[in-house]
Amino acid sequence: MIWIFAHSGLVLPASDASARQQDNPAPVSIPVGADKVDLAGHLKIFKDTDHIRTIAQVVSAPVSEEFLHAGPGVPHLGLTDAAVWVCFAFEGRLPNGWVLHAGWPYLATVRLRQLRENPSEMVLGRSPGNRTFEAWAFADEKTGSWTIYARFVSQGVLTLPMKLYTDGAFLSYQRATATGYGIYYGIILAMAMYNLFLFFSLRDRAYLYYVAYMFCVLLYFFGLNGLTLEYLFMGRRALDTRVTLFFLSLIFITAGVFTRYFLETRKNAPRMDLIIQVLIVLGTLLAGLSFLLRFSLLTTLFSILGTTTPFILITAAILVWRKGFGPARYYLLAWSIYAAGTLVFALTYSGVISFTAMGFHSYQIGSAAEAVLLSFALADRIRTLRREREEALGNERRAMDLAFTDALTGLHNSRFFRAHIGPEIQKAENLRQPLSLLMLDVDDFKQFNDQYGHIQGDQVLTRLGDTIRAHVRQADLACRYGGEEFAVIMPGLGEARSMDVAERIRLAFGQHPVVPRPGLKIHVTVSLGAAHYEAGLTAQDLLERADRAMYRAKAAGKNTVRLWGR
């Protein structure tokens, strides 16, 4: 049998007992004044694949000769369900009140304290129930030193960063760890609750999908950090592990759903949208299989999907960003940081790089940064959609203006007049307010056109449009009704005031002559008719009254104003 450790300095065949004896690591000693001692480089390991070795067998030949030096770094045993025995030699008096801690989240902490004593044995600690950490210490009568043994069981990847702490140092370590967890979970919860509030305010499903994704991330890291094992599934390691993988599968599902909706991949990146849909389906399958398949197979499947997912979503973000969707840049940055953290964590988890607390928590750190950046992305998305909506409304208003505006005079056209005369009458009826209508027609306009040309005729119509605009209120609706005919809807004005406006328009238009060619000045005039709305009149009735009043003005000699009924 060949034992290979990720950080070992030496690989030895199991049969070479003499080589093992020469490869004994240096014993552990506690320097004066020290409050912690790292056991890396001092450990020897034996792997019991059948889970049948007892402590009596482990400390005796031939099993005791099967222990291998773990090397100078943190031991990494990879994916294993074997019982792993670890031992290290200790010189000097056993420390009182120290804690032996293995910093892998799924392992318990065992306090070094005396439980039972006989001439050759002292049981220092043993974790209760079905926990994964068991420890013993045995005296070596020949040298007077101690050898500490610990037994670990893990269904997944097993890494053994082990240290001895004083009570005070370990309390500080626990406080720092709890503070770190508190900051992380606080960030995730704050982002989730803030965006949940925005969902209820804005009713945008992107916020709901983001919140679902954040809660799945939160629950997954509860399991990954061993908190669910400690507080929820106490002693039920197998169930805790599978529930943790179940939450990881939910991360794939919610991340895919959020991405599709946020980036609108169905429209902006159809091919990537199909790939993301496959990702969602695979996540759903793994969610169901999390409680059925062997853990080693599940770990492989989750590792493959977990490694490829960030790069799929990053590719989708790049494609959508290149199409001009600005919020995709925040999304891209968020998943890039997340992918970097995932990669460092995967390399640490698999033993490719040395175990460090920062490396192990890089995945968690990356997810916290991602949570904040995705929240920024959502805010930017809302700003972008609002700006696009405003631009669309502006374009729509401009299109409506063009559809209802006379190109020559800049006044409303006859389509606008027909669309608004009815509602204005209805409003006047409901509010019991006065309403007047003016009809205007340029006198002898056909003769002017025939004699001086249509260009000069257009100038006359333009000047009349400017004159009308200058003498009516902003609330009045001035329209070119057709040809040389104009109409003004005047809400809130009665007979007297509407006649005053008509007279001012007539005088102002007739005061300034038209110059069709140099040296020739012609005074063009306009005739106007006014009608006042009375209860029961239709739009057509009001229009006919104003039109008849205008023809009465022409019949009276032109360049005058007449009111219907007088």
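These exercises work through a predicted model of one protein.

**Exercise 1. Take stock of the whole protein: how many helices and strands does the protein have, and what share of its residues is buried?**

Step 1. Count the secondary structure. The protein has 17 helices and 20 strands.

Step 2. Turn to burial. Of the 566 residues, 50% count as buried.

Step 3. Look at the surface. The protein exposes about 27,600 Å². Carbon and sulfur atoms supply 58% of that area.

Step 4. Check the contacts. Take those with a separation of 6 or more: 68% of them join residues 24 or more positions apart.

**Exercise 2. Test the length of helix 4, then inspect both of its ends.**

Step 1. Find the helix. Helix 4 covers residues 205-224, which makes 20 residues.

Step 2. Work out the expected span. The rule is 1.5 Å times one less than the number of residues. For helix 4 the expected span is 28 Å.

Step 3. Compare with the model. The end C-alpha atoms are 29 Å apart, which agrees.

Step 4. Inspect the start. There, a side-chain oxygen of Asp-204 comes within 3.0 Å of the backbone nitrogen of Ala-206.

Step 5. Inspect what follows. Just after helix 4, Gly-226 has a positive phi of about 80 degrees.

**Exercise 3. Which residue forms a salt bridge with Asp-204, and which parts of the chain does the pair tie together?**

Step 1. Recall the cut-off. A salt bridge needs a side-chain nitrogen of Lys or Arg within 4 Å of a carboxyl oxygen of Asp or Glu.

Step 2. Apply it. The partner of Asp-204 is Arg-381, with an N to O distance of 2.5 Å.

Step 3. Place both residues. Asp-204 sits in the loop between helix 3 (167-202) and helix 4, and Arg-381 sits in helix 12 (residues 362-403), so the pair ties together parts 177 residues apart in sequence.

Step 4. Check burial. Asp-204 and Arg-381 are both buried.

Step 5. Set the pair in context. The whole structure holds 15 salt bridges.

**Exercise 4. Is Asp-380 buried or exposed, and what does its salt bridge with Arg-329 connect?**

Step 1. Read the distance. The closest N and O atoms of Asp-380 and Arg-329 are 3.5 Å apart.

Step 2. Place the partners. Asp-380 belongs to helix 12 and Arg-329 to helix 10 (residues 328-350), so this bridge links parts 51 residues apart in sequence.

Step 3. Judge burial. The limit for buried is under 20%. Asp-380 has 7% relative accessibility, so Asp-380 counts as buried. Arg-329, at 35%, is partly exposed.

Step 4. Extend the picture. Shared partners join Arg-329, Asp-380 and Arg-383 into one network of salt bridges.

**Exercise 5. Describe the largest nonpolar core: how many residues does it have, and which element gives the largest share?**

Step 1. Size it. The largest nonpolar core has 72 residues.

Step 2. Name its best-connected members. Tyr-210, Tyr-213, Leu-263, Tyr-331 and Trp-335 have the most contacts inside this core.

Step 3. List the sources. Elements giving two or more residues are helix 3, helix 4, helix 6 (237-263), helix 8 (270-289), helix 9 (295-322), helix 10 and helix 12. Helix 4 gives the largest share, 12 residues.

Step 4. Zoom in on Leu-263. Beyond its neighbours within four places in sequence, Leu-263 touches several residues, including Ala-316, Val-320, Phe-325 and Tyr-331.

Step 5. Look elsewhere. Another core lies apart from the largest one and has 29 residues, among them Leu-411, Val-442, Tyr-452 and Ala-478.

Terms used: Residues are numbered from 1 along each chain as its sequence is written. This is a predicted model: local features need pLDDT of at least 70, side-chain atom pairs count only at pLDDT 80 or more; totals for chains, interfaces and linings use all residues. Side-chain values use heavy atoms; hydrogens and water are left out. Helices (H or I, at least four residues) and strands (E, at least two) are DSSP runs, numbered from the N terminus. A polar contact is a pair of N or O atoms within 3.5 Å; within protein, one must be able to donate a hydrogen and the other to accept it, and residues adjacent in sequence count only if both atoms are side-chain atoms. Buried means under 20% relative accessible area, exposed over 50%, partly exposed in between (1.4 Å probe, protein chains only). A nonpolar core is a set of buried Ala, Val, Leu, Ile, Met, Phe, Trp, Tyr and Cys residues joined through side-chain atoms within 4.5 Å. Contact means heavy atoms within 4.5 Å. Accessible areas come from the Shrake-Rupley method with a 1.4 Å probe; for residues, only the protein chains shown count as cover.
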